[in-house]
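Me: I'd like to go through this structure and ask how each label is earned. Can you take me through the reasoning?

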Amino acid sequence: MMCTPKKCGIRFQPPAIILIYDSDVKGKSRQRIMPVRNFSKFSDCSRAAEQLKNNPRHKSYLEQVSLRQLEKLFGFLRGYLQGQSLAEMMEQIQRERTIDPEEDLNKLDDKELAKRKSIMDELFEKNQKKKDDPNFVYDIEVEFPQEEQLLSCGWDTESADEF
């Protein structure tokens with residue numbers, strides 16, 4: 001059975017992921033409620049999202065739903081269980097999903113670095129222009145204005161004969 005997801009959301013009481021999808025068999029919009037069990041305010045959202053997405057009962061329905069969206073929904077659930085308001089949860093998730101350009105990525109552990117890289121990859125894919133896009137131009141030449149005179153370095157002025 002093939003299904004096309006339209007909306008994916010969360011219900012807090014009792015905790016469940018709700019998927020609204022179009023069924024190809026009957027051409028109708030349907031709703032699937034997937035209960036969330038054994039999830040607490042200390043649970044790992046990415047792990048819970050992977051487990052739900054790989055669950056044999058829900059796998060065919062969640063095939064086209066991104067793992068990032070499921071992680072975000074579990075983040076909302078964790079915030080609710082911690083007693084945060086909706087505005088606080090939205091702000092926290094926004095902070096987790098954005099990258100600070102001033103942050104030193106060399107000081108992060110492997111897990112956090114992989115998380116930041118996946119966010120950068122997702123942003124790159126979203127902004128990338130492909131050959132099929134209507135605004136795609138093959139060879140773009142851009143002149144950048146030079147506000148300051150370029151400083152030459154000493155290492156690039158020496159000739160190759162001195163080596």
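Reply: Sure. Helices are DSSP runs of H or I with at least four residues, and strands are E runs of at least two. The model is predicted, and by that rule its chain has four helices and three strands.

Me: What pattern do the helices and strands follow along the sequence?

Reply: Read along the sequence, the pattern is β-β-β-α-α-α-α.

Me: How do you know that α2 has about the span expected of a helix?

Reply: The expected span is 1.5 Å times one less than the number of residues. α2 has 15 residues, so 21 Å is expected, and α2 reaches 21 Å from its first C-alpha to its last.

Me: What makes a residue in α2 count as "buried", and which ones are?

Reply: The cut-off is under 20% relative accessible area. In α2, the residues that pass include Arg68, Leu70, Phe74 and Leu77. Their cover includes β1, β2, α1, α3 and α4. Across the chain, buried residues make up 22% of the 163 residues.

Me: Why is something called a "nonpolar core"?

Reply: Because its members are buried residues of kinds such as Leu, Ile and Phe, joined through side-chain atoms within 4.5 Å. The largest one here has 19 residues, and Ile17, Leu19, Leu70 and Phe74 touch the most other members. β1, β2, α1 and α2 each supply at least two residues of this core.

Me: What does Leu19 contact beyond its neighbours within four places in sequence?

Reply: Contact means heavy atoms within 4.5 Å. Among the partners of Leu19 are Pro5, Cys8, Met34, Tyr61, Leu62 and Val65.

Definitions and conventions: Residues numbered from 1 in each chain as written. Predicted model: local features only at pLDDT ≥ 70, side-chain atom pairs only at ≥ 80, totals over all residues. Heavy atoms only, no water. Buried < 20%, exposed > 50% of the residue type's maximum accessible area, 1.4 Å probe, protein only.
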